[in-house]
Amino acid sequence: MHEITSFAPGSGRRVGPRSYLPSTAARYSLDGVWGFRWAPTATTSHNDVAAPDFDDSGFDEITVPSHWVLEGGDEGRYGHPAYLNVQYPFPVDVPHVPDANPTGDYRRRFTLPDGFVPDGGRVHLRTLGIESLAVISLNGVEVGVVRGSRLAQELDVTDALVPGENVLHVRVHQWSAASYLEDQDQWWLPGIFREVELVARPAHGIEDVWLDADFDPDTREGSITPELRGATFPVRIEIPELGVHHVIASADDATPFPVGVVEPWSADLPRLYDATISNSTETITLRLGFRRVEVVGHEWRVNGTKLRIRGTNRHDFHPDKGRVFDIDDARAQLLLMKQHNINAIRTSHAPCHPALLDLTDELGFWVMLENDLETHGFELCDWRDNPSDDPRWRSALLDRIERTFERDKNHASIVCWSLGNEAGRGANLAAMAAWLRRRDPHRPVHYEADFDGTHTDLVSRMYVSVEQMQLMSAGTGDALASPGRAAVLAQRPMILCEYVHAMGNGPGGITEYEEAFDSLPQWHGGFLWEWRDHGLRTRTSEGHEYFAYGGDFGEPVHDGSFICDGMVLPDGRPTPGLAEFKAVTTPIKLTIDAGRLVIANRRHDGDTGDLRFVLVDEDAGTPVQQLMLDVPAVPAGGQVAIELPPAPGSTGELWRTVRAELAADAPWAPEGHEVSFVQACLSTPRHSTAPTPQRAPAGVAVVRDGDTLILGPARFNPQTGDLLALAGLPIGGPRLTLWRAPIENDFGRASPSYLDVCPADSAGLGAPGPSTAQRWLDAGLDRLQRRVVAVDAADDALVVRHRYAAAGMAPAVDVTLRYQLDGSWLTLEADAAPTIGWRGVWARLGLHFTLPTSGATAEWFGTGPLENYPDSARAARVGRFAMAIDDLVVDYSVPQESGHRAGLRDLRVPELGLQVEALPVAGERPGFTLRRHDEHEVAAAGHPHELPEPSALHLTLDVAQHGLGSRACGPDVLPAHQLRPRAGAWSLRLRHEDGHDGHHD
């Protein structure tokens, strides 16, 4: 089958690419139920199956659009999805693919409405997405072969149509030579996954149009450069809102023309004008945005202002439909992005569905539109035979960039074109860039792997450290560019096309990147990796729902959970990482300084007149003052400072919060939506360290009662000193813990570790080393053994001393626990002191208690409401919060450490009647984690449904936690946020509140 191994972009009656725009030309949708037959490899001629009289009565039915691997049921009768990041799922044997090539035969019968075929016109069959190769026949006549899975394709089928019933046959091969161009760190999901339609092209219509709408930031005037192809003149361009009624009498007349003063389009103020382009036969409509995109020195500008990208990488993905586009879900996700201060999208790593760009125009996003190209698997072959530098692929690659550009050229939101992703380097990429520059000299060309900038306009990097960004900005060093090239590249705009890898719990370190973007002039921001986890909704045989990742479908080679690395979970729920990104990257920067509120407006466009500023003072978490601040409208790029009212008196802990929120409904969020906040502590309790407990009442002492020690309401194990119960409430522990169920960044080895800094590395970037999780396992942090040193009962106190160490290891931690009574409270003063010999970092420094499983709710005064860690704490605020215990922990696709909240003051579990107070020791308070599984149970589970039935509720009070970082595919935890072995102290008060009888599960 020659078509499977062909290097050609396609064949047959292919129509040149053109804009995808609404038109009065008739369309006939072929979406819906088709006949379908799947085979593990092609065994019959497609000509036989394409014959109109072929007996397809034995075919199954399938919905188009869809992916056949998601339509075959749990038994996988049409095969299964497969996930790989870099490797190809077949041997690299260009242009061949395996004989075992899953193939789907699609058949659709249809009868066109009367008059659908225009007199003298043509009928095109348009497909928007087929993976990976389609051989298309109509009424037994082969009309074309199309390649380019995420690209629009049109075939002229006029001569193959017949009166009455027609039979369309599409044979889709999962693998083809084109698959070598589509190795995009995604699920391999074959089938017809975007719309299929017939388009009636009138004989004297308008084949294609491009209205290149410019805006002059000096005069505020707009102009249009029209481009018309295949048009019958005269052509009228009308923009009623601007009073534009422009007539183009001939092709020579299609020259730029002014339209007067306009409101420009930007991501902040996405102003669109309805335009029509018409002649006597056809009318095309589009929504026009006027803006000027240019690169001036090291600035990438829109409308004369430097861009600030607060972006995300995004794929077309749905947990049930795969890459089938769901416009309602897409709109909801874009609104969620806007609500979290995301203003830009990179369509990684292919053109998105065209309807998404209508939404980005309307709602306002800067878009980097990426071409359908990635050949990452050739890296494992030292890039030998890589299509990017192989002349046999030149026409295919040029066809791909042409189709990418032409379909979407009219969209105002597109401010950059990207050649593709991780496809090495070569002459074909340079040719693609040259084609784009000729076709569109204004919007810059991007391709990350053009490290020397020989054919692109933007300097782009993935996951580089802040230290490396500083070197690149200074022009003194670039780890990827050729020697001596850094100084040249420092004269250009710079972006991170991927950064802060959001896999599982994380990412950490967003703040440091934001500070670099604010301070380094060449840097314009970045696109976080990535928006959404790509887990596929699946059920076990017992009916338990979970989100599957690589390996869950029996793939012999896969890349596991690396497909689940988004700021929202597969079902669209936001993670705490998204809240952190919102808090750090907000364009409305608020600072409370010496009784003043400083407001800096970092928007590209628009003052702060749409916002109101609300001040709330809280004493120990209870509001005592709330008022609206009188703030003048701050222009974009401006800053003001206003005096704040005096704080109310307090002898306790007084916190002041100022929120910037929407004053009225916006297209992307309702009134009251918070855009930014700042919080400051105005006063603290008079004692800065833990108070000395009152002496126990007379007659209260530690006594032995059979196999327990008793101190007031508390019962202890006399051999170990472990707490057993408090006023009838079973409590176990505490035990020292230095380990956590590793987050996926803890397993990362993709980037150097700061624990192995090379002396010659002046940037302090670190050197390669084992994963942090492996270091913890090697140090035995997950298997600490305890030795009871002493259990001493004094008149009014119980003092317990333990030593913890791992088998075969000399380093240890000595823990001293001192229990006393303070009225109805049991106080615990605890100290942990490491011996010499510890190396590396710890996961945590905590005390672990077990509680009955009947606890259901947590109420606390501390940081929240979401989990937070040392390098991911900007979204956290101090206050009083309440939450179901099951909601304290995030259901990441892979169970891992989750739920830590720093700075605990007090905690209640009402169903248990338990109250815990944490007092500061030298200004330091512990954080808490409360979940239904311990770290060993969590670490052993690959999916949430694999966690065992809870046998206890686990409360961990951590003096410190190691940071998160993003080392799954990015930098390690920065040194400032690492937990190096250290001493720690706790000052706790525990009480079983009145009204609880002590009967618990």
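User: Let's start with Cys 681: how much of this residue is accessible, and what does Cys 681 count as?

Analyst: In this predicted model, Cys 681 has 33% relative accessibility, so the residue counts as partly exposed. The reasoning rests on two cut-offs, because buried means under 20% and exposed means over 50%.

User: What does Cys 969 count as, buried or exposed?

Analyst: Cys 969 counts as buried, because its relative accessibility is 19%.

User: How many disulfides does the structure hold?

Analyst: The count is 0 disulfides. Take Cys 969 as a worked case: its closest cysteine sulfur belongs to Cys 497 and lies 11 Å away, which is too far for a bond.

User: Thanks! Now, how should I read a sheet?

Analyst: Here is the general idea: strands of a sheet pair through backbone hydrogen bonds, and they do so either parallel or antiparallel. In this structure, you can trace an open sheet of 9 strands in the order β50-β51-β52-β53-β61-β58-β57-β55-β56, with antiparallel pairing. At the edges stand β50 (784-793) and β56 (877-884); each has a single partner strand, so one side of each is left without a neighbour in the sheet. From one strand to the next, the twist averages 20°.

User: Which residues stand opposite each other around β55?

Analyst: Let's walk outward from β55, which spans residues 857-864. With β56 the pairing is antiparallel over 8 bridges, and Phe 861 has Arg 880 of β56 as its bridge partner. With β57 (residues 906-909), β55 is joined by 3 bridges, again antiparallel. There, Trp 860 stands opposite Leu 907.

User: What do β57 and β58 form?

Analyst: They form a hairpin with 4 residues between the strands, and Gly 913 in the turn has a positive phi of about 70°. β58 covers residues 914-918, and its antiparallel pairing with β57 runs over 4 bridges. One facing pair to look for is Asp 906 and Glu 917.

User: How do I describe two packed helices?

Analyst: Two packed helices are described by the angle between their axes and the distance between the axes. For helix α6 (residues 394-408) and helix α7 (residues 427-439), the axes come within 9 Å and cross at roughly 35°. The crossing is right-handed.

User: Which residues of α6 and α7 meet?

Analyst: From α6, the contact includes Leu 397, Leu 398, Ile 401 and Phe 405, and from α7 it includes Ala 431, Met 432, Trp 435 and Leu 436. The contact residues divide into 9 nonpolar, 1 polar and 4 charged.

User: Which residues of helix α8 are buried, and what do they pack against?

Analyst: In α8 (residues 466-474), the buried residues are Val 466, Glu 467, Gln 468, Met 469, Met 472 and Ser 473. They pack against β33 (459-462), β34 (494-499), α10 (510-519) and β35 (523-528). Just after the helix comes Gly 475, with a positive phi near 75°. Helix α11 (residues 576-585) is mostly covered, with 9 of its 10 residues buried.

User: Where are the cis peptide bonds at Pro 507 and Pro 865?

Analyst: The bond joining Gly 506 and Pro 507 is cis, with omega about 0°, and Pro 507 sits in the loop between β34 and α10. The bond from Gly 864 to Pro 865 is also cis, with omega near 0°; Pro 865 lies in the loop between β55 and β56.

User: What is the phi of Ala 620?

Analyst: Phi of Ala 620 is near 55°, a positive value in a residue other than glycine. Ala 620 lies in the loop between β40 (611-619) and β41 (622-628).

Note on methods. Residues are numbered from 1 along each chain as its sequence is written. This is a predicted model: local features need pLDDT of at least 70, side-chain atom pairs count only at pLDDT 80 or more; totals for chains, interfaces and linings use all residues. Side-chain values use heavy atoms; hydrogens and water are left out. Two strands pair if DSSP finds at least two bridges between them. Helices (H or I, at least four residues) and strands (E, at least two) are DSSP runs, numbered from the N terminus. Axes are lines fitted to C-alpha atoms, for helices over the stretch in contact, and angles run from 0 to 180 degrees between N-to-C directions. A disulfide is a pair of cysteine sulfur atoms within 2.5 Å. Buried means under 20% relative accessible area, exposed over 50%, partly exposed in between (1.4 Å probe, protein chains only). A crossing is left-handed if the near helix is turned anticlockwise from the far one by less than a right angle, and right-handed if clockwise. Contact means heavy atoms within 4.5 Å. Ala, Val, Leu, Ile, Met, Phe, Trp, Tyr, Cys and Pro count as nonpolar, Asp, Glu, Lys and Arg as charged, and the others, Gly among them, as polar.
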